[in-house]
Structures are given as structure tokens and as C-alpha cells.
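User: Could you take a close look at one part of this model for me? I would like to see how a single helix sits among its neighbours, and then how the surroundings fit in.

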Amino acid sequence: LTTLDLSRNDIGAEGMKELCAASSHFSSLTNLYLSGNGIGDEGMKELCAASSHLSSLTTLNLQNNKLGDDSVESLVLIIKQCPLENLDLSNGDGTMENEFSYDSAQLLMQRANSIRPGMELIMDGTATTTVIPPISSRSITTVNPPTSTTTVNPPRSTTTVNP
């Protein structure tokens, strides 16, 4: 199993607990779509506890799940545990919205960028949508050291003595 889409099933925190109980069978899972399930902060704690079994997970969609500031630490631990390339925390249809404070959103973005630079992180609910673009789309500047060196001699000092 590489893709599991349980979107819009309203599983809540209890359903998340049941799903995570089976997570040891998901080591090859690369895409997990859980949008519109209202898992909340408690469901995020369950997913965080199971994240060590999700060693191949590259895409995690958590749109519209009633996530808030109390989910930030769980999300950071999931980012550490899983090789995520895409994490979607946006609000698509206006129901069961994720609501992060500005400070929590900033903290999550900073931690995500330091743990997994190049991961795409999509958030809104803080009045803006923030995307940390994948590394392949970033502009990379390489500075090459000079291949030869030139030595410049300082001018000699001269002293003029007036007779």
C-alpha cells in the first residue's frame, strides 16, 4: 500500500487512534490524505505517536482537520520522523478549518525549514498562505573561488628632502 486516501470520512480523533493502531503495516505508505476528518489536536498526537512507522511518507494532507496551536509540536515531530516533501495544512472548503495563531504558524515554518529544507508546507488560516517551495524550484547561487590570484604590491614610499 503506497497511497491511502481517507479524506472526508469525519473519522475524528477516535478514528485516528484506530488508524494509528495499524500503522506498523504502513511502512511503504508514501501518500496519506486525511483532509476533512476533524481529527483535531488529539488526533495529531495519535498520528505523531505512529509516525515512526511511516518511514516512507512523503505527502501528508491534513486540510480541514480542526488543527490548532496544540498540534504544532506533533507536526514538528512528524516532520522529523518522516521524509516529507509535501505537508498541506490549508483550509479548502471552509469547514473544520485549521486555525493556527500567527506565532505558532511562524514557529512551525521555521522548524520545518530547519529540519527539512525544501519541504513544501502549505498553510492558511493566519490571513496568508505560506509555501516553503521545494528545493528544486529555489534559486541557488554558487560562488566559485578565483582560479588564479593576483598579488598587488603596495607603492613604495618616497621621501623628498629639500636642500
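Analyst: Happy to help; what follows starts with helix 3 and works outwards to the core and the loops.

Please keep in mind that this is a predicted model. To set the scene, the chain has 163 residues, and 39% of them count as buried. Its secondary structure amounts to four helices and six strands, and read from the N terminus the order is β-α-β-α-β-α-β-α-β-β. Many of the contacts span a long stretch of sequence: among those between residues at least 6 apart, 78% join residues at least 24 apart. The accessible surface comes to about 9500 Å², with 49% of that belonging to carbon and sulfur atoms.

Now to helix 3 itself, which covers residues 72-81. Its axis and that of helix 4 (residues 102-115) come within 10 Å of each other, crossing at roughly 10°. An angle under 35 degrees counts as roughly parallel, so helix 3 is roughly parallel to helix 4. On the helix 3 side, the contact is made by Val 72, Glu 73, Leu 75, Val 76, Ile 79 and Lys 80. Helix 4 answers with Ser 104, Leu 107, Leu 108, Arg 111, Ala 112 and Ile 115. Sorted by character, the residues of this contact are eight nonpolar, one polar and three charged.

Which residues of helix 3 are buried? They are Val 72, Ser 74, Leu 75, Val 76, Ile 78 and Ile 79. An α-helix has 3.6 residues a turn, so residues three or four places apart point the same way. With that spacing in mind, it is worth following Val 72, Leu 75, Val 76 and Ile 79 on the structure, as they are among the buried residues of helix 3 and also take part in the contact with helix 4. The packing of the buried residues is not limited to that one partner, though: they pack against helix 2, strand 3, strand 4 and helix 4.

The helix 2 side can be followed from Cys 48, which is found in helix 2 and is buried, at a relative accessible area of 15%. Leaving out residues up to four places away in sequence, Cys 48 touches Ser 74, Leu 77 and Ile 78. Of these, Ser 74 and Ile 78 are among the buried residues of helix 3. Cys 48 is also 9.0 Å from Glu 73, C-alpha to C-alpha, with their positions 25 residues apart in sequence.

Stepping back, how does helix 3 take part in the largest nonpolar core? It gives the most, with five residues. The core holds 35 residues, and those touching the most other members are Leu 47, Leu 60, Leu 62, Leu 87 and Leu 89. Two or more residues come from each of helix 1 (12-21), helix 2 (40-50), helix 3, strand 4 (86-89), helix 4 and strand 5 (120-123). This fits a general tendency: in soluble globular proteins, nonpolar side chains tend to be buried together.

Leu 60 is a good place to see the core from the inside. Apart from neighbours within four places in sequence, Leu 60 is in contact with Leu 32, Leu 34, Leu 47, Ile 78, Leu 84, Asn 86, Leu 87 and Asp 88. One of these, Ile 78, is a buried residue of helix 3.

The loop leading into helix 3 deserves a look too. Gln 63 has its place there, between strand 3 (59-61) and helix 3. Its relative accessible area is 17%, and because buried means under 20%, Gln 63 counts as buried. Beyond its neighbours within four places, Gln 63 is in contact with Leu 34, Ser 35, Gly 36, Asp 88, Ser 90, Gly 92 and Asn 98. Lys 66 lies in that loop between strand 3 and helix 3 as well, and its phi is near 60°, a positive value in a residue other than glycine.

Gly 36 offers a link to another loop, the one between strand 1 and helix 1, where Asn 9 is found. Asn 9 is in contact with Gly 36 and Asn 37, leaving aside neighbours within four places in sequence, and is partly exposed at 47% relative accessibility. Asp 10 is found in the loop between strand 1 (3-5) and helix 1; this residue is exposed, at 55%, and has a positive phi near 50°.

Technical notes:
Residues are numbered from 1 along each chain as its sequence is written. This is a predicted model: local features need pLDDT of at least 70, side-chain atom pairs count only at pLDDT 80 or more; totals for chains, interfaces and linings use all residues. Side-chain values use heavy atoms; hydrogens and water are left out. Axes are lines fitted to C-alpha atoms, for helices over the stretch in contact, and angles run from 0 to 180 degrees between N-to-C directions. Angles under 35 degrees count as roughly parallel, over 145 as roughly antiparallel, 65 to 115 as roughly perpendicular and the rest as oblique. Contact means heavy atoms within 4.5 Å. Ala, Val, Leu, Ile, Met, Phe, Trp, Tyr, Cys and Pro count as nonpolar, Asp, Glu, Lys and Arg as charged, and the others, Gly among them, as polar. Buried means under 20% relative accessible area, exposed over 50%, partly exposed in between (1.4 Å probe, protein chains only). Accessible areas come from the Shrake-Rupley method with a 1.4 Å probe; for residues, only the protein chains shown count as cover. A nonpolar core is a set of buried Ala, Val, Leu, Ile, Met, Phe, Trp, Tyr and Cys residues joined through side-chain atoms within 4.5 Å.
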